[in-house]
Structures are given as structure tokens and as C-alpha cells.
Amino acid sequence: MRLIFTITIFLSFFYSYSQGITPITKQEFDDANFQKISLLSDQLKNVKLIGLGEPSHFMGETYTAKIKFIKYLHENCGFDVLAFESPMYNLSKICPSIESENCTKENLFNNMFNIYYWKELDELFDYVVETRKTKNPLLITGFDQSVFSDDKNTFISDYCEFVKDLNAKTNTNIETDSVFMKILNLNIKNYFSTNKMAPQDTLILHDKFLKIKNTLKKISTSEDNNYFLFWGLITDNMQSLYRTNYTKENTRDLQMAKNVSFLANQMYKDKKIISWAATLHLHDKPELVVHKKNNLYNDVFMGQFLKNEFQQKYYTVAFTPFSGTTGFKGYLGLGKKKIKSGDGSLEKYINETYHCDYAYIPMRNSNNQKIITDNKLTKSNIIGSTPYEMDLTKVVDAYFYIKTENLLQKRN
């Protein structure tokens, strides 16, 4: 009997692998070990960066599924760093290493964008804190260019301290006077509004940043200088902030790509990294998405830069729902949105063919590419809650299908 059971399990996994599409039941999804995605271990052996993308933010079941992925990737696939679409500076002070004393659940929540301030994330942050007691902690950082300001102006004081250290290292005398500090703080706060920085203020920042970056070039690249490289990158982030409201170019995605590249090549060069963001930022072929207005996806996004740099070592998983509701309760129902999947969509095909609650669909698989082509599947919900036409065989490396999306739950 035991032999028959073992053979059945083996054949089940062999069948899933040969077919490429792995259906997952609700019971299997709820399994703490989430073993049905064990095929990821082989597929990600040579992957340095994996991006887990949601169609849009505020998706309860998607967040739950991503957390299961993260735990599995950390425990079974060697991914020890989790980078969020949240401020790089702020999160760098919370859980960047095992020595960090600030790594508490509440500190994590308080230094994330509010898109993550939901009950679903409690499980993940409890897990992060718990892993610090082990030999294999899951480290947390961010890759967004923005900075959260506070009443104590912690960022301003830290930045001035960096300039002071730079002066001492290079025997220079770059000043950080009160005018510069005031404008730098205004730059941080303006990013979260529609206000533009005054041209004369941007000129002051530009001139000061130019001196800082030219001085940084004096430091030998052969030294272990992650500290100065980090603050050089933060300087670039500050420039990108005030340029955002002056240009139509997607400066944010370019800067986020630079931030992720720094994490992968410098800060965590010996570790594998998970990035959590909207699929819009992570996917690397927006030109293959047909948008109704024919202009939104003519831009360049973070995933394109990362794919160009890391090639096959960069892997994207797009989480995509078939039906349900995304958003949250309250606000007179304005925070909720229904999800629809029409004819020709990947989601409708999975629902009608496999009748499963979840499914993993890797696209570095010729069988799956053939399924997409033979069944003329040309639409998906991977970006927003509206199906867009796209080349499903090339836009991302894998899809994770969710039959029913749920509203997010408020934290207690």
C-alpha cells in the first residue's frame, strides 16, 4: 500500500512537470509546506532575482499566496533577502542584517507603504522576526526611491553625517548648510504631493549633488565601500524625486532598477533576492501588452532594466485572479473593484480546463507555450483588474492563477 502511494505521488509530480501546468486545490494551498510548487527548486537554481508581482495593490488572496511563495523560496530555494516596493532608506534601517536591533513587526509596518498595512502581512512579518532566531534569517529591505520623513528629520541628519564622512574620507569640504537641508526635506515631502519643486530649489540640490557625486568618484572601487555606494545611490534617488514632476519619463522605474541592481551586486552579492511589487514594474516586455490608449506601455519599466542586466538569472511570477473582488471595505465601496475574465484569457482557460482553486504555470516550458498558442490565449489580468491583450508566452516567466480574489482585512 505504501509503495502504491509513493508511486502515485511520483506520477502526480511527473505528470505536472511534463504538462507544465500544476493545478493546486484549496487543501494543498493551505498546506503549511506548500509542496505543490516544489518544482520551483529546480527552476530557480541559477536565478539570482525573483520578482513576485500583483496585478494591482490591495489584493488579499494574492498577498496570502505571495507570502506562501516567500516562505517556500526562503526555506527551500536559498532566497534570503526580501525587497519591497517601499522606501529603500527607511527599510535599510530596520532588518538589513542579523545584527539589526530595530527588526520588529511594528517597525516593519511603519516603514512600508500603506499598501502593505493589512492583516495579511502580519503572518509574513511574524515569520521574518522569528527567522532571526535561526541561522537562516530572512532579511528585509526596500528598493523605492522615496523617503518617509519624520519630525526628527532622521534622514536629513543621516545624509549630513554621510557628507561629513565623505569629506573626511576624501579630504574635501562640502557644506550642508541650513538652506540645503530645508530644501532637501521639502524635496522628500513634495514627492508624495502634486507640488513641483521651485526651479531655484532644484538648482541648489543639483549643484550640491553634483559636488557629492564627483567627490564619490575619488573613492577607490576596490575598497569595501558599500556605505558610500549606498549613499551615492540615495543621492541619485533624491535627484529622481524632484525630476519626477518635471518629466514625462519614468524616472522612478529606472531608479528602482538601479537600487535593485545595487542590492544584488553589492549589498547582498552572495545572496538570492525576492522582490515584491506590482507586476507592472516587474515584467520585462511591456511592448507586448496592447493597451487601449496605446501609450501607457511605451514606457520603460524596472523589469526591462533588470532583465537586460541579469538575463536568465531574473525570473518573474505574475499572480493573476480569475474572479472576485480586489480592494478593501469602507470608503462607500470606492475601495472595491470586481475582477472579470473574458474569452481568450488565461484565467478563463485555467478555470474551465482544470477546475482548480490555484495553479502554477511556468512559461520557460515549451508545453505551456504550446498550450497558450494552440488555445489562442491572448489576454490576462496580470496588470490591473481588466484583461489586456498580450503575448502570454513572453511577458513573464510564470503565472500563479488564483480562482477567487478577496478583499484585504484591516489590522487589529
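What volume does the largest cavity have? It has a volume of about 50 Å³. The model is predicted, and the values here are computed from it.

**Cavities**

Searching the whole structure for cavities of 30 Å³ or more gives two. Rolling a probe the size of a water molecule over the atoms shows where empty space is left.

Start with the largest cavity. Its lining includes three residues from the stretch around α9: Asn-187, Asn-190 and Tyr-191. Asn-195, Lys-196 and Met-197 also line the largest cavity, as do Leu-241, Tyr-242 and Asn-245. Two elements, α9 (178-190) and α11 (226-244), each give two or more residues to this lining. By class, the lining of the largest cavity holds four nonpolar residues, four polar and one charged. Lys-196 is the charged residue, since Lys counts as charged.

The second largest cavity encloses about 30 Å³ of space. Phe-148, Ser-149, Asp-150 and Asn-153 belong to its lining. So do Thr-154, Phe-155 and Ile-156, along with Asn-185 and Ile-188. Here the elements giving two or more residues are α8 (154-170) and α9. The largest share of this lining, three residues, comes from α8. The lining of the second largest cavity splits into four nonpolar, four polar and one charged. Helix α9 thus appears in both accounts: with α11 at the largest cavity, and with α8 at the second largest.

**Cysteines**

How many disulfides does a search of the whole structure find? The search finds one. The bond joins Cys-95 to Cys-103, with an S to S distance of 1.8 Å. The torsion about the S-S bond of Cys-95 and Cys-103 is about 100°, so the disulfide is right-handed.

Are the cysteines of this bond buried or exposed? Cys-95 counts as buried, because its relative accessibility is 1%. Cys-103 is buried too, at 7%. The cut-off for buried is under 20% relative accessible area. Cys-160 and Cys-356 also meet that cut-off, with 14% for Cys-160 and 6% for Cys-356.

| Residue | Relative accessible area | Class |
|---|---|---|
| Cys-95 | 1% | buried |
| Cys-103 | 7% | buried |
| Cys-160 | 14% | buried |
| Cys-356 | 6% | buried |

Methods
Residues numbered from 1 in each chain as written. Predicted model: local features only at pLDDT ≥ 70, side-chain atom pairs only at ≥ 80, totals over all residues. Heavy atoms only, no water. Disulfide = S-S within 2.5 Å. Buried < 20%, exposed > 50% of the residue type's maximum accessible area, 1.4 Å probe, protein only. 1 Å grid on protein atoms, 1.4 Å probe; cavity = no way out; pocket = protein on both sides within 12 Å on 5 of 7 lines; lining within 4 Å. Points joined across faces, edges and corners; volume = space filled by probe spheres on them. Helix = DSSP H or I, 4+ residues; strand = E, 2+ residues; numbered from the N terminus.
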